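User: I should like to learn how surface patches and cysteine pairs are read from a model. Please take me through both.

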Amino acid sequence: MTVDAAPPTDTGTREPSMLDAVLPIVVLITLLVSTIILFGVAATDGPLQVALLVSAAFASLIAFKNRHTVAAIADAAVGGVTSAVGAIFILLAVGGLIGTWNMAGTIPTIVYYGIGLLSPAWFYLASAAICALVGMITGSSWTTAGTLGVAFVGMAQVLGLSTAIAAGSVICGAYFGDKMTPLSETTILVPKLVGGGLTVGQHVKNMFWTAGPALGISLVAFLILGLVAEHGDSLSTEEARRALAGEFHMTVVNLLPLILLIVFSIRKAPPFLAILGSALFAGVLAPFTQWKAVSGFVDDPSLSPFVTGVRAVFDALASGFVSKSGNERIDELFSRGGMASLLTTIWLVLGALAFAAVMEHAGFLRRLLAPIVGWATTRGRLILAVNASGMGLNVIAGDQYVADVLPARMFREEFAGRGMAPQTLSRAVEDSGTVTSVLVPWNTCGAYISGVLGVSTAAYLPFCFFNLLSPVLDIVYGFVGFKVPMLETEAVTDQKETA
């Protein structure tokens with residue numbers, strides 16, 4: 001590597017060479033593969049985070065070689081981490097919510113009624129469909145997975161079904177709902193990034209042509225998996241319901257925290273405040289509805305009922321609820337949650353964003369994308385390039401917003417120049433950048449979902465049919481020309497609708 005690989009820019013820094021851009025990726029991949037080989041699933045408990053931070057440091061050294069200052073790189077890294085503050089607060093709130101919802105009997109009640117209503121044969125199908133509906137109502141795949149998703153994975157355990165397939169069904173439904181509602185952040189953001197006067201309604205309407213078939217195929221796959229599933233070492237439905245009723249007082253009142261969260265979401269309350277508000281409400285409700293579980297959790301007879309309740313709320317929010325019923329299956333299933341349980345996930349998010357911020361500031365990501373834009377000489381190649389860029393950035397940058405923003409900015413002029421409607425680009429960006437983010441363990445979405453569901457990314461990935469099919473369908477449509485609107489066609493359609 002030579003220092004004079006590229007001329008200085010107006011700011012005094014040097015444009016990165018392709019070697020400059022590729023070397024940090026090689027180091028990252030090498031370290032990530034090494035940690036996975038050495039530690040397996042436990043790699044996410046710390047080794048992956050170290051690999052990301054070391055890769056960020058290496059990328060910084062290459063940036064220094066290109067005359068970027070230490071202060072500029074430090075500011076970029078801090079800025080990248082700062083961009084995740086909102087997500088970090090949501091992570092902490094969800095951790096607290098899982099703890100208090102378990103203590104208040106909200107999640108046990110959902111499981112109690114769910115296993116009574118849902119047959120194992122169509123459990124996976126139902127969980128995907130319900131999460132899709134709730135995702136459209138809340139506008140958040142994270143909220144859906146962190147609430148109903150946790151309950152569905154718990155039901156799968158009780159019924160002796162695969163938690164990996166259950167997690168996959170939750171993710172498929174949650175991400176479909178997230179994409180197909182104007183309440184979603186990414187669904188609002190991407191049309192703005194693409195420009196061209198694209199409205200959220202046009203964006204959602206065009207996305208349905210990939211999202212609809214992808215979900216339909218997924219539902220059929222989940223139905224088949226449910227029909228052929230072998231039930232493991234499970235309690236019978238009645239035994240499970242009796243065990244749950246023996247530990248928790250089952251009443252519809254336990255569902256009030258869930259209803260409150262849905263109301264907050266419909267009223268468009270900030271996600272952090274909505275989730276934390278529901279968590280606090282559940283904590284306050286628990287001593288009145290689940291005194292047996294609360295007193296057993298605190299396990300200190302010397303305390304007054306009031307102090308016991310207050311301590312239980314703080315403990316459940318901070319460290320998670322611990323069931324002490326004596327029933328091993330019940331205790332294992334509902335002893336979860338707490339903000340502390342997601343600190344490792346937050347560490348993973350911070351490491352990924354620090355690496356992404358350095359790569360973006362130093363111009364490495366743009367340098368990597370530039371040849372891809374040049375290669376895309378046909379319509380099919382262009383749409384393939386967008387999808388490949390989104391998926392690649394989810395791996396390299398570890399954040400879905402980077403995977404949405406950069407391709408939207410890099411390709412919008414190319415799409416406009418070729419007379420392709422902006423919703424073609426916006427769909428490609430969402431089908432890759434948004435949807436595949438959950439498939440990468442060190443991505444903010446993958447880290448979050450695996451953390452709250454308690455299922456590793458590697459385990460649920462093969463069953464995320466919707467997330468795998470969406471970019472494939474978008475690419476196929478691009479090459480065959482199906483539902484790829486052009487500017488002229490869109491103008492005629494708009495005129496007809498106006499008339």
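Analyst: The nonpolar patch is treated below, followed by the cysteines. This is a predicted model, in which local features need pLDDT of at least 70, side-chain atom pairs count only at pLDDT 80 or more, and totals for chains, interfaces and linings use all residues. Residues are numbered from 1 along each chain as its sequence is written, and side-chain values use heavy atoms, with hydrogens and water left out.

User: Which residues make the nonpolar surface patch?

Analyst: A patch joins nonpolar side chains (Val, Leu, Ile, Met, Phe, Trp, Tyr) within 5 Å, from residues with over 30% relative accessible area and no salt bridge. Here Tyr113, Leu117, Val252, Val253, Leu256, Ile259, Val263 and Phe281 form a patch of about 680 Å². Two or more residues come from each of α5 (106–117) and α12 (256–266); α12 gives the most, with three residues.

User: Is leucine 256 buried or exposed?

Analyst: Buried means under 20% relative accessible area, exposed over 50%, and partly exposed in between (1.4 Å probe, protein chains only). Leucine 256, in helix α12, is partly exposed at 35%.

User: How many disulfides are there?

Analyst: A disulfide is a pair of cysteine sulfur atoms within 2.5 Å. The count by this rule is zero. For cysteine 131, the nearest cysteine sulfur is that of cysteine 172, 10.0 Å away. Cysteine 131 is buried, at 0% relative accessibility.

User: Why is cysteine 464 not bonded to cysteine 172?

Analyst: The two sulfurs are 5.4 Å apart, which is too far for a bond, although cysteine 172 holds the closest cysteine sulfur to that of cysteine 464. Cysteine 464 is also buried, with 0% relative accessibility.

Key: Patches are made of residues with over 30% relative accessible area and no salt bridge: like charges are joined within 9 Å, nonpolar side chains (Val, Leu, Ile, Met, Phe, Trp, Tyr) within 5 Å. Accessible areas come from the Shrake-Rupley method with a 1.4 Å probe; for residues, only the protein chains shown count as cover. A salt bridge is a side-chain nitrogen of Lys or Arg within 4 Å of a carboxyl oxygen of Asp or Glu. Helices (H or I, at least four residues) and strands (E, at least two) are DSSP runs, numbered from the N terminus.
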